[in-house]
Number of protein chains: 2
Amino acid sequence: MIVAKQYLETHGIRPSQQRIAVMHYLLTHRTHPSVEEIYDGLKGEYSTLSKTTVYNTLKTLSESGAVLTLNIAGTNANYDGYVAPHAHFLCTRCGKIYDVELAHSDLMGKNLPEGSQINDVQLYYKGICGRCSSK
Amino acid sequence: MIVAKQYLETHGIRPSQQRIAVMHYLLTHRTHPSVEEIYDGLKGEYSTLSKTTVYNTLKTLSESGAVLTLNIAGTNANYDGYVAPHAHFLCTRCGKIYDVELAHSDLMGKNLPEGSQINDVQLYYKGICGRCSSK
DNA sequence: AAACAAAGTTGTAATCATTACAAATAATGA
DNA sequence: TCATTATTTGTAATGATTACAACTTTGTTT
C-alpha cells in the first residue's frame, strides 16, 4: 500500500484511500483486470466503494500515465499497472491476457503521419493460448 | 461492386446484396468507418437496410478475414477493408484513423506465450495528427 | 479550532454500442 | 412448385460507460 501511495505521488495524483486501493490492486494483481474485477476485488475491504469511483480513478490514473488502458477485448477495457513498454496477448478462448515482452525499439520508427505526436502505443496479439489449445 | 462480389466469394462468403454493399463500401471508403457510418452511408441506396444487418455482416466478414475489426477507439469498433498487415494511428483530437505501413516482419518473432497460436495482430498508435497540432 | 473552498466520492439515472431473438423475406435444391 | 435453409429486419434486451447532483473528505485561511 505504501508503494502504491508513493507511486501515485510520483505521478502527481493525490493519494486518496480509494485511489491507493485501486493502484495497489493493480500493482498486486498482474492479470489485466476489468473495472468489474477491480470493483469486486475491493468492495469487501472498502464497503462504501462505488463502481463510479473505480471508473473515475482509472481514468485519472490512465491520463497521468500511472496505468495502461487496454482495449484488446473489444467489449470492455482492461487495466495494467505495469506501464513499461510491452505487448499483450489475448486468448480468445479463455479470455486471459498475457504480457508479451518486447525488444527495445520494436514499436518505434514506423511511417507515422507527417508531424504527428505519439502519446500511446499498443500492440495486441489475439489467438489461442498453449493451455487452451492442448485441451 | 463486381470486385466486392468476387472478394466475398474468394473468402467463401455468400454474396448477398447487403454483404456486397457493405464490402463495397469498405473497399471504396478507406476511412476506417464505424457501423454507424457504414449504415448512414448505405441507407440512402438500400432503403430497407437494417443496422443489425450491418452488424451481422461485419461479424461474418471479420470472422472470414475479409475485413479487419479495429478496437483502437475504445468506444466503438471501426472496420477496414484493407487487410494486408499494417498499423493504425488514431488522432485523439479529430478522431481520424490513419494507416501506418510497416516493414515486413515488424510484428513477428516476439516472446509469445509458449504453444500459443496467433490469429490476429493489431498495432495501434494514439496521439495528435499533424493537421490538428498545427492549429 | 471554525469557516470556507476545493477536490473526491457516491448512487442513480442516462446514454450508447452491441447482441438476442423471433418473424419476415429471399435463395437454393429436390 | 414445394420444402428447406440462409439471410434480413425491427424491436427489445444487455452491458459498459458517463452524466450528474448530493454528500463527504481534505486542505486552507483566519
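This is a short tutorial chat about reading one predicted protein–DNA model.

Me: Before we start, how are things numbered, and what kind of model is this?
Reply: Residues count from 1 along each chain as its sequence is written, while chains are lettered from A and ligands numbered from 1 in the order in which they are written. The model is predicted, so local features need pLDDT of at least 70 and side-chain atom pairs count only at pLDDT 80 or more, though totals for chains, interfaces and linings use all residues; side-chain values use heavy atoms, leaving out hydrogens and water.

Me: Which residues surround DNA strand D?
Reply: A residue is near a strand if one of its heavy atoms lies within 4 Å of it. Here 16 residues surround DNA strand D, and the closest are A:Tyr55, B:Arg14, B:Ser16, B:Arg19 and B:Thr53. Of the atoms of DNA strand D that come within 4 Å of the protein, 81% belong to sugar and phosphate.

Me: What polar contacts are there with DNA strand D?
Reply: A polar contact is a pair of N or O atoms within 3.5 Å; within protein, one must be able to donate a hydrogen and the other to accept it, and residues adjacent in sequence count only if both atoms are side-chain atoms. In this model, a side-chain N or O atom of A:Tyr55 sits 2.9 Å from a phosphate oxygen of DNA strand D. A:Ala77 uses a backbone N or O atom, 2.9 Å from a phosphate oxygen of that strand. For B:Arg14, a polar side-chain atom is 3.3 Å from a sugar or linking oxygen of DNA strand D.

Me: Which element gives the largest share of the surface near DNA strand D?
Reply: Helices (H or I, at least four residues) and strands (E, at least two) are DSSP runs, numbered from the N terminus. Helix 4 of chain B gives the largest share near DNA strand D, three residues.

Me: And which residues are closest to DNA strand C?
Reply: They are A:Arg14, A:Ser16, A:Gln18, A:Arg19 and A:Thr53, out of 16 residues that surround DNA strand C. Sugar and phosphate make up 82% of the DNA strand C atoms within 4 Å of the protein. Among the polar contacts, a side-chain atom of A:Ser16 is 2.4 Å from a phosphate oxygen of DNA strand C, and one of B:Tyr55 is 2.9 Å from a phosphate oxygen of that strand. Helix 4 of chain A gives the most to this surface, with three residues.

Me: How do I compare chain B with chain A?
Reply: You superpose copies by least squares on the C-alpha atoms of residues with pLDDT of at least 70 in both. Chain B lands on chain A with an RMSD of 0.0 Å after a turn of 180° and a shift of 0.0 Å along the axis. The two copies are therefore related as by a two-fold rotation axis. In chain B, the C-alpha nearest that axis belongs to B:Leu123, 2.2 Å away.

Me: How many aromatic pairs does the structure hold?
Reply: Rings of Phe, Tyr and Trp (its six-membered ring) pair if their centres lie within 6.5 Å; planes under 30 degrees apart are stacked, over 60 edge-to-face and the rest tilted. Over all chains there are three aromatic pairs. One of them joins A:Tyr124 and B:Tyr124 edge-to-face, 5.6 Å centre to centre with 80° between the planes. This pair crosses between chains, from strand 5 (residues 117–128) of chain A to strand 5 (residues 117–128) of chain B.

Me: Are A:Tyr124 and B:Tyr124 buried or exposed?
Reply: Buried means under 20% relative accessible area, exposed over 50%, and partly exposed in between (1.4 Å probe, protein chains only). Both A:Tyr124 and B:Tyr124 are buried.
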